[in-house]
Amino acid sequence: MASTVISPTINSSSRTASSSFVKNYAYSPRRHSTSLSSTIFGTRIRARTASRAGPVNRSLSMGFKCLASSSSVLPSALLFDCDGVLVDTEKDGHRISFNDTFAERELGVTWDVDLYGELLKIGGGKERMTAYFNKTGWPEKAPKSEDERKEFIASLHKRKTELFMALIEKQLLPLRPGVAKLIDQALGKGVKVAVCSTSSEKAVSAIVSCLLGPERAEKIKIFAGDVVPRKKPDPAIYTLAATTLGVEPSSCVVVEDSAIGLQAAKAAGMKCIITKSGYTAEENFVNADAVFDCIGDPPEERFDLLFCGSLLEKQYVS
């Protein structure tokens with residue numbers, strides 16, 4: 001399938017544009033560019049098709065609003081990743097909590113910003129620590145046997161989760177723009193909402209409860225941590241979510257921020273929107289159904305629930 005790239009050029013008379021045009025424009029699967037004119041706010045649109053192997057224009061227009069207002073299709077379920085999607089937690093949340101845990105145990109280990117970015121390619125905190133120690137050498141205070149090392153890693157991760165939850169409970173890390181809005185739209189329309197994450201269930205529950213509030217939290221299903229034996233990029237967690245929620249994977253839309261999350265969602269047979277985060281901005285999202293810098297709140301809204309529904313019919317990349 002080719003990805004359709006929408007590169008809006010906004011006239012000075014308007015900084016936002018409704019994308020009701022999205023339902024009606026025609027394009028050819030051959031690689032070439034076609035200029036389209038929309039009478040909505042005098043916006044001129046360029047739509048280009050590109051094969052998966054070819055280059056894709058991924059520039060973001062800060063004022064561009066992608067609202068498929070004419071669509072009547074809604075997802076059966078809206079599934080969110082947690083870290084980097086609900087909250088940009090990695091650099092100043094999880095990384096700090098890992099380092100504080102290492103310091104408490106006097107392990108002589110510190111993960112700097114760049115190193116942690118590389119480690120994020122490994123899904124799951126316990127898996128991340130294990131891979132790091134296997135590559136660089138285990139700390140002197142670590143046990144020698146494999147079983148004892150698993151317990152050691154589990155104890156580190158438990159403490160790291162406690163420290164991370166303390167950060168969340170203090171609300172030192174805010175929700176990303178547009179998250180609460182999109183969840184409210186989904187819940188208001190009867191669309192099932194879930195959070196699917198490789199982080200521990202306690203950490204994810206703390207984020208959902210503390211930052212989204214108890215009223216929303218009681219309506220959101222959480223799939224996290226070791227609920228599946230294989231973590232992202234394996235699709236197991238998204239497959240489990242669809243099965244548990246009683247919906248077809250093809251009717252689900254996932255919001256992710258990373259390449260491994262995208263891979264998991266697509267392998268599960270779901271549509272996937274990328275909202276880039278601090279650590280993932282330069283990752284390859286060529287297989288995404290849409291790519292934005294964030295969900296966004298008005299007046300800087302990037303997309304809404306109806307746009308999510310429109311993806312069940314076509315594929316867009318912004």
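**Exercise 1. Place Thr275 in the fold.** Start with Thr275, which has 2% relative accessibility: decide whether Thr275 is buried or exposed, and find out what it touches.

*Solution.* A word before we begin: this is a predicted model.
- Step 1: Buried means under 20% relative accessible area. At 2%, Thr275 therefore counts as buried.
- Step 2: Look up its element. Thr275 belongs to strand E8.
- Step 3: Set aside the neighbours within four places in sequence and list the contacts. Among them are Gly84, Val85, Arg176, Val255, Glu256, Phe292 and Phe303.

**Exercise 2. Get an overview of the chain.** Describe the secondary structure of the chain and say what share of its residues count as buried.

*Solution.*
- Step 1: Go through the elements. The chain has ten helices and nine strands.
- Step 2: Turn to burial. The chain has 318 residues, and 54% of them count as buried.
- Step 3: Consider the surface. About 14000 Å² is accessible, and carbon and sulfur atoms make up 51% of that.
- Step 4: Look at contacts with a separation of 6 or more. Residues 24 or more positions apart supply 69% of these.

**Exercise 3. Follow the salt bridges.** Work out which parts of the chain are tied together by Lys232 and Glu256, and which are linked by Asp289 and Lys266.

*Solution.* Side chains of opposite charge can pair when their charged atoms come close. This model holds 17 salt bridges, and we take a few of them in turn.
- Step 1: Lys232 and Glu256 form a salt bridge, with 2.7 Å between the closest N and O atoms. Lys232 sits in the loop between strand E6 (220–224) and helix H8 (236–245), while Glu256 is in strand E7 (residues 252–256), so the pair ties together parts 24 residues apart in sequence.
- Step 2: Check the burial of both partners. Lys232 is buried at 5% relative accessibility, and Glu256 is buried at 0%.
- Step 3: Asp289 and Lys266 meet in a salt bridge at 2.6 Å, N to O. Asp289 is in the loop between strand E8 (271–275) and strand E9 (290–292), and Lys266 is in helix H9 (residues 259–267); this pair links distant parts of the chain, 23 residues apart.
- Step 4: Here the partners have their own levels of cover. Asp289 is buried at 0%, whereas Lys266 is partly exposed at 28%.
- Step 5: Asp226 and Lys231 also pair, at 3.3 Å from N to O. Asp226 is exposed at 52%, but Lys231 is buried at 13%. Both belong to a network of salt bridges that also includes Lys126 and Glu127.

**Exercise 4. Look around helix H8.** Name the buried residues of H8 and the elements that help to cover them.

*Solution.*
- Step 1: Pick out the buried residues of the helix: Ala236, Ile237, Tyr238, Ala241, Ala242 and Leu245.
- Step 2: Find what lies over them. The cover includes strand E4 (77–80), strand E5 (192–197), E6, E7 and H9.
- Step 3: Move to the residue just after H8. This is Gly246, with a positive phi of about 70 degrees.

**Exercise 5. Spot the unusual backbone.** Locate two cis peptide bonds and two residues other than glycine with a positive phi.

*Solution.* Most residues other than glycine have a negative phi, and most peptide bonds are trans.
- Step 1: The bond from Lys232 to Pro233 is cis, with omega near 20 degrees. Pro233 is in the loop between E6 and H8.
- Step 2: The bond from Pro298 to Pro299 is also cis, with omega near 5 degrees. Pro299 lies in the loop between E9 and helix H10 (305–310).
- Step 3: Glu106 has a positive phi near 55 degrees. It is in the loop between helix H1 (90–104) and helix H2 (113–119), and is exposed at 58%.
- Step 4: Gln171 has a positive phi of about 55 degrees. Its place is the loop between H4 and H5, and it is exposed at 51%.

**Exercise 6. Find a charged patch.** Which residues gather in a patch of negative charge on the surface?

*Solution.*
- Step 1: The members are Glu146, Asp147, Glu148 and Glu151.
- Step 2: Take Glu151 as an example. This residue is in helix H4 (residues 146–169) and is exposed, with a relative accessible area of 58%.

Terms used: Residues are numbered from 1 along each chain as its sequence is written. This is a predicted model: local features need pLDDT of at least 70, side-chain atom pairs count only at pLDDT 80 or more; totals for chains, interfaces and linings use all residues. Side-chain values use heavy atoms; hydrogens and water are left out. Patches are made of residues with over 30% relative accessible area and no salt bridge: like charges are joined within 9 Å, nonpolar side chains (Val, Leu, Ile, Met, Phe, Trp, Tyr) within 5 Å. Accessible areas come from the Shrake-Rupley method with a 1.4 Å probe; for residues, only the protein chains shown count as cover. A salt bridge is a side-chain nitrogen of Lys or Arg within 4 Å of a carboxyl oxygen of Asp or Glu. Lys and Arg count as positive and Asp and Glu as negative; His and the chain ends are not counted. The place of a charge is taken as NZ of Lys, CZ of Arg, CG of Asp or CD of Glu. Helices (H or I, at least four residues) and strands (E, at least two) are DSSP runs, numbered from the N terminus. Buried means under 20% relative accessible area, exposed over 50%, partly exposed in between (1.4 Å probe, protein chains only). Contact means heavy atoms within 4.5 Å.
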